[in-house]
Amino acid sequence: MPPTIDMGIPGASSSASSGVAGKRVLLAEPRGYCAGVDRAVETVERALEKHGAPVYVRHEIVHNRHVVDTLAKAGAIFVEETDEVPEGAIVVFSAHGVAPTVHTTAAERKLQVIDATCPLVTKVHNEAKRFARDDFDILLIGHEGHEEVVGTAGEAPDHVQLVDGPEAVDAVTVRDLNKVIWLSQTTLSVDETMETVRRLRERFPTLQDPPSDDICYATQNRQVAVKAMAPECQLVIVVGSRNSSNSVRLVEVALGAGSDASYLVDYADDIDPAWLDGVTSVGVTSGASVPEILVRGVLDRLAEYGFDTVQPVTTANETLVFALPREIRPARR
Ligand code: SF4
């Protein structure tokens, strides 16, 4: 990996601009694994250690090709639905969460469930349940078909309406203007979500906010770091998979914050050398489901093209760690 110059915290945009002559990489910090992904991946690893292969996993445990391929080689079998899992077998639910009906069908098949749903997704589920109990119309801002949204909406299908971005606001109808709340998917663009909320509030002035931020700390922190870095970059490379919502949002945020170009790559090999023509400052970051080894691969590849100075752009330090699911936690002595 190329040498780094520690530019410190925060003043990220000023540290980014106090640069080094020649070609350089600005490296966003924080980036990569969040606490929920770390927990989910370790859950599958521990399940394989404890029970041996195969361990079934419903949906991609996290949205990253490398992680899924690595766990599959170690003995995880990824399935779309629980009815593909043999009766009585172990199944891990992914970090994105599941609807209650999935727990029901798993119980009917006597599956041994290990639930790796991120606690911050569970928090949104609990909000949906609570406001449905109070008979609110819940406007869930999120991407249609995303696993997390399907799971959250499944907690209260009669009360939840999906609002897939600002353009979807006009189609929303509610029963009682005094009982309307918005919630959101955890991995959205903060700016776009606020625009959706602004338009919703134009139509429903008494719209209530969620009790706490639904867009999670990791999504927000990675977007803030990219916003600090992007104005100094002609190109921002985001390491992440196409089905990773928070990674795709980072590309949008980079472009919105002033980078001339931004691309999503799974691996260093995806970098097209033509992207680097005439470029002297490249920003690098990664989505919350991306292991650091893939970022190191990208930095090594950029170094081969002469981008051998790496300047961290640090906007936050993350220390959050979640306990493993109860079923897989080591026994206390
Ligand atoms: S991105 Fe946020 S909500 Fe999703 S797993 Fe990570 S911490 Fe949890």
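Which residues surround the ligand? The ligand is enclosed by Cys 34, Gly 36, Val 37, Cys 118, Leu 120, Thr 186, Thr 187, Cys 216 and Tyr 217, where a residue is near a molecule if one of its heavy atoms lies within 4 Å of it.

This is a predicted model, in which local features need pLDDT of at least 70 and side-chain atom pairs count only at pLDDT 80 or more, while totals for chains, interfaces and linings use all residues. Residues are numbered from 1 along each chain as its sequence is written, and side-chain values use heavy atoms, with hydrogens and water left out.

## The ligand site

The shell around the ligand comprises 6 nonpolar, 3 polar and no charged residues. In this classification Ala, Val, Leu, Ile, Met, Phe, Trp, Tyr, Cys and Pro count as nonpolar, Asp, Glu, Lys and Arg as charged, and the others, Gly among them, as polar. The ligand takes up the space of the largest cavity. A cavity is a set of points, on a 1 Å grid over the protein atoms alone, where a 1.4 Å probe fits but cannot get out; a molecule sits in it if more than half of its atoms lie within 2 Å of its grid points.

Phe 322 touches several residues of the ligand shell, including Gly 36, Cys 118 and Leu 120. Its other contacts, not counting residues up to four places away in sequence, are Ala 35, Arg 39 and Pro 119; contact means heavy atoms within 4.5 Å. Phe 322 belongs to the segment after strand 12 (310-314). Helices (H or I, at least four residues) and strands (E, at least two) are DSSP runs, numbered from the N terminus. The C-alpha atoms of Phe 322 and Glu 42 are separated by 11 Å, and the two residues are 280 residues apart along the chain.

## Accessibility of selected residues

Buried means under 20% relative accessible area, exposed over 50%, and partly exposed in between, with a 1.4 Å probe and protein chains only.

| Residue | Relative accessible area | Class |
|---|---|---|
| His 125 | 5% | buried |
| Val 98 | 6% | buried |
| His 59 | 11% | buried |
| Phe 322 | 18% | buried |
| Asn 221 | 19% | buried |
| Asp 135 | 36% | partly exposed |
| Lys 110 | 60% | exposed |

Asp 135 is classed as partly exposed because its relative accessibility is 36%, whereas Lys 110 is classed as exposed because its relative accessible area is 60%.

## Contacts around helix 5 and the loop after it

His 125 is located in helix 5. Leaving aside neighbours within four places in sequence, His 125 is in contact with Val 98, Gly 151, Thr 152 and Glu 155. Val 98 is found in the loop between strand 4 (90-93) and helix 4. Beyond residues up to four places away, Val 98 touches Arg 58, Phe 93, His 103, Thr 117, His 125, Gly 151 and Glu 155. By contrast, the C-alpha atoms of Val 98 and Leu 48 are separated by 21 Å, with these positions 50 residues apart along the chain.

Asp 135 occupies the loop between helix 5 (119-133) and strand 6 (137-141). With residues up to four places away not counted, Asp 135 touches His 159, Arg 175 and Lys 179. The side chains of Asp 135 and His 159 form a polar contact of 2.9 Å. A polar contact is a pair of N or O atoms within 3.5 Å; within protein, one must be able to donate a hydrogen and the other to accept it, and residues adjacent in sequence count only if both atoms are side-chain atoms. Asp 135 and Val 180 are 45 residues apart in sequence and 9.2 Å apart in space, C-alpha to C-alpha.

## Asn 221 and the backbone exceptions

Asn 221 is placed in helix 8 (residues 217-229). Its side chain makes a polar contact of 2.9 Å with the side chain of Glu 318. Neighbours within four places aside, Asn 221 is in contact with Pro 30, Thr 315, Ala 316 and Glu 318.

Most residues other than glycine have a negative phi, and most peptide bonds are trans. The peptide bond from Glu 29 to Pro 30 is cis, with omega near 5 degrees, and Pro 30 lies in the loop between strand 1 (24-29) and helix 2 (35-51). A cis peptide bond also runs from Ala 53 to Pro 54, with omega near 0 degrees; Pro 54 is in the loop between helix 2 and strand 2 (55-58).

His 59, in the loop between strand 2 and helix 3 (65-73), has a positive phi of about 70 degrees although it is not a glycine. Lys 110, in the loop between helix 4 (100-108) and strand 5 (112-115), has a positive phi near 55 degrees.

Conventions:
On a 1 Å grid over the protein atoms alone, a cavity is a set of points where a 1.4 Å probe fits but cannot get out, and a pocket is an open set with protein on both sides within 12 Å along at least five of seven lines; lining residues have an atom within 4 Å of a point.
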